[in-house]
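Work through these exercises with the model open. Each task is followed by its solution.

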Amino acid sequence: MNLLDLIGNTPLIDLSFLYPEQPDLALFAKAEWMNPGGSLKDRPVKQMLCKAVEQGTLVPGKIILDSSSGNAGISYAMIGAAMGYEVTIVIPGNASQERKQRLLAHGATLVETDPLEGYDEALRHVHAMYKASPDKYFFCDQYKNTENVNAHYLGTAAEIVEQVPRSITHFVGGVGTGGSLTGIARRLREHYPEIEIVAVRPERWPGVEGLKPLGEPEDIVPQIFEADYVDRWVDVSADETKSCCLKLAHHGYFAGQSSGAYLAACEKVMKDLTEATVVTLLCDLGERYFSAGLWNHGHSDQR
């Protein structure tokens with residue numbers, strides 16, 4: 001096996017034990033932190049880059065370019081290094097130090113944008129960079145690249161259908177690029193026409209790293225996101241997100257901020273249900289959020 005062979009085919013975790021008071025509810029989550037880059041983003045980045053090589057748009061000498069809040073950037077840096085390409089990532093300046101260090105470890109070049117301008121500023125900046133030097137870069141553009149969706153339709157969702165031992169009634173996910181929610185929803189609806197697709201909407205500030213709140217006229221909506229698949233939006237606060245991250249950690253599962261947001265949304269969905277099968281994703285590693293303050297809580301018993 002090589003590095004790319006390690007991406008995908010992640011285990012399915014049964015989290016139903018977290019809610020013993022609801023014995024007729026089942027909650028399953030895909031352990032996406034087990035990808036070699038530590039996140040769900042390994043899947044679409046592998047698909048996009050391999051397809052670009054196959055089609056001849058990514059050739060030796062080109063620099064892989066994209067914007068990222070961090071996880072996709074790590075996937076680009078890791079996979080680009082394995083494939084022998086230089087990588088440049090435009091990233092908001094407030095991305096966690098752990099993300100930036102991992103990017104640099106793989107040899108990527110970082111271009112940081114004003115954190116006060118949000119992630120959309122990184123998007124605007126990367127487009128300007130590519131427009132200024134189109135011959136220098138292969139601009140992967142994960143926000144409009146349909147292979148992003150295909151990675152989840154062909155991979156993540158196919159695995160979910162195969163692994164979940166019962167009929168799925170609800171899928172809960174969020175929108176970063178929109179690739180995972182769109183690709184998974186498309187395939188699950190083919191198998192389960194009555195499934196409810198629930199989208200997580202984080203509060204605008206302080207927000208959830210990697211998830212777009214959407215809803216305001218100035219928000220950049222990803223081109224590949226198909227909002228028609230969404231049956232319901234569930235609002236989740238940063239405090240609810242943190243609480244659910246800690247709940248997972250206290251049971252041994254050390255997952256990141258978006259995973260906590262997804263679990264918080266699952267809880268809101270499940271409180272009105274008596275019998276259901278809910279599926280979600282644990283998107284990345286908890287270690288990626290120490291410098292972001294996610295794990296600053298409680299006290300230590302020093303003896």
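The model is predicted. Across the whole structure, a search finds 4 aromatic pairs.

**Exercise 1. Classify the pair formed by Trp33 and Tyr253, and place both residues.**

Step 1. The ring centres are 6.5 Å apart, and the planes make an angle of 65°.
Step 2. Angles over 60 degrees count as edge-to-face, and the pair is edge-to-face.
Step 3. Trp33 lies in the loop between β2 and α1, Tyr253 in the loop between α7 and α8, so the pair ties together parts 220 residues apart in sequence.
Step 4. Tyr253 has a relative accessible area of 22% and is partly exposed.

**Exercise 2. Why is the pair of Tyr130 and Phe139 tilted?**

Step 1. The planes are at 45°, with the ring centres 5.3 Å apart, so the pair is tilted.
Step 2. Tyr130 is partly exposed at 30% relative accessibility.
Step 3. Phe139, at 12%, is buried.

**Exercise 3. Describe the salt bridge between Glu159 and Lys30.**

Step 1. The N to O distance is 2.6 Å.
Step 2. Glu159 belongs to helix α5 and Lys30 to strand β2, 129 residues apart.
Step 3. Both Glu159 and Lys30 are buried.

**Exercise 4. Where do the partners Lys268 and Glu240 lie?**

Step 1. Their side chains meet in a salt bridge of 3.1 Å, N to O.
Step 2. Lys268 sits in helix α8 and Glu240 in helix α7, so the pair ties together parts 28 residues apart in sequence.
Step 3. Lys268 is partly exposed at 25%. Glu240 is partly exposed at 29%.

Conventions
Residues are numbered from 1 along each chain as its sequence is written. This is a predicted model: local features need pLDDT of at least 70, side-chain atom pairs count only at pLDDT 80 or more; totals for chains, interfaces and linings use all residues. Side-chain values use heavy atoms; hydrogens and water are left out. Rings of Phe, Tyr and Trp (its six-membered ring) pair if their centres lie within 6.5 Å; planes under 30 degrees apart count as stacked, over 60 as edge-to-face and the rest as tilted. Helices (H or I, at least four residues) and strands (E, at least two) are DSSP runs, numbered from the N terminus. Buried means under 20% relative accessible area, exposed over 50%, partly exposed in between (1.4 Å probe, protein chains only). A salt bridge is a side-chain nitrogen of Lys or Arg within 4 Å of a carboxyl oxygen of Asp or Glu.
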